[in-house]
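Hi,

Here's the structure I promised to pass along. Have a look at it first, and then read my notes underneath.

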Amino acid sequence: QGQLVESGGGLVQAGGSLRLDCAASGSAFTLNTIGWYRQAPGKQRELVALIREDGTTVYVASLKDRFTISRDNAKNTASLQMNNLKPEDTAIYYCHKPNTPIWGQGTAVTVSS
């Protein structure tokens with residue numbers, strides 16, 4: 001079935017940048033859409049962005065100007081570049097293969113003011 005592993009989270013000051021990576025193994029990534037999601041403390045998990053195998057993307061409108069999703073099919077990886085981070089971006093970030101039970105373990109992003 002495969003698995004997804006996120007990396008790249010950490011602590012950053014407001015206005016800073018982080019790049020998150022999602023590494024896929026097995027069949028988790030093959031020929032399908034991959035999404036980044038986040039869950040802030042006390043809130044429900046929400047979509048951040050999706051990228052299809054052909055590279056087309058879908059973003060939450062409020063994040064589109066600051067976040068960029070990308071993928072490298074040859075390396076079986078997906079990334080999320082986050083710029084101009086704000087304290088409200090603090091959350092656990094997950095990659096996920098939609099319409100499957102496959103989620104990564106999450107990587108924590110903390111943005112200090």
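Below is what turned up when I went through it, starting with the cysteines and moving on to the strands.

One thing to keep in mind before you start: this is a predicted model.

**The disulfide**

How many disulfides does a search of the whole structure find? The count comes to 1. The two partners are Cys-22 and Cys-95, with 2.1 Å from S to S. In the chain they sit 73 residues apart, so to speak at two distant addresses: Cys-22 belongs to strand E3 (residues 18-25), while Cys-95 belongs to strand E9 (residues 91-96).

If you like to know the handedness, the torsion about the S-S bond is about 70°, which makes this disulfide right-handed.

Are the two cysteines buried or exposed? Buried means under 20% relative accessible area. Cys-22 comes out at 1%, so it counts as buried. Cys-95 has a relative accessible area of 0%, so it is buried too.

**Around Cys-95: strand E9**

Cys-95 has covered company, as 5 of the 6 residues in E9 are buried. Which strands does E9 pair with? Strand E4 (residues 34-39) is one of them, running antiparallel to E9 over 5 bridges. If you want a spot to click on there, try Tyr-37, whose bridge partner in E9 is Tyr-94.

Strand E10 (residues 107-112) is another partner: E9 and E10 are antiparallel as well, joined by 3 bridges. For this pairing, look at Ile-92, which stands opposite Ala-108 in E10.

**Around Cys-22: strand E3**

At the other end of the disulfide, E3 is part of an open sheet of 4 strands. Going across, the order is E1-E3-E8-E7, and the pairing is antiparallel. Strand E1 (3-7) and strand E7 (67-72) form the edges, each pairing on one side only. On average, neighbouring strands in this sheet are turned by 15° against each other, with direction ignored.

E3 pairs with the edge strand E1 in the antiparallel sense, over 5 bridges. A handy pair to find on screen is Leu-4 with its bridge partner in E3, Ala-24.

**To pull it together**

The disulfide ties E3 to E9. On the E3 side you have the open sheet of 4 strands, and on the E9 side you have the antiparallel pairings with E4 and E10.

Cheers

Terms used: Residues are numbered from 1 along each chain as its sequence is written. This is a predicted model: local features need pLDDT of at least 70, side-chain atom pairs count only at pLDDT 80 or more; totals for chains, interfaces and linings use all residues. Side-chain values use heavy atoms; hydrogens and water are left out. A disulfide is a pair of cysteine sulfur atoms within 2.5 Å. Buried means under 20% relative accessible area, exposed over 50%, partly exposed in between (1.4 Å probe, protein chains only). Two strands pair if DSSP finds at least two bridges between them. Axes are lines fitted to C-alpha atoms, for helices over the stretch in contact, and angles run from 0 to 180 degrees between N-to-C directions.
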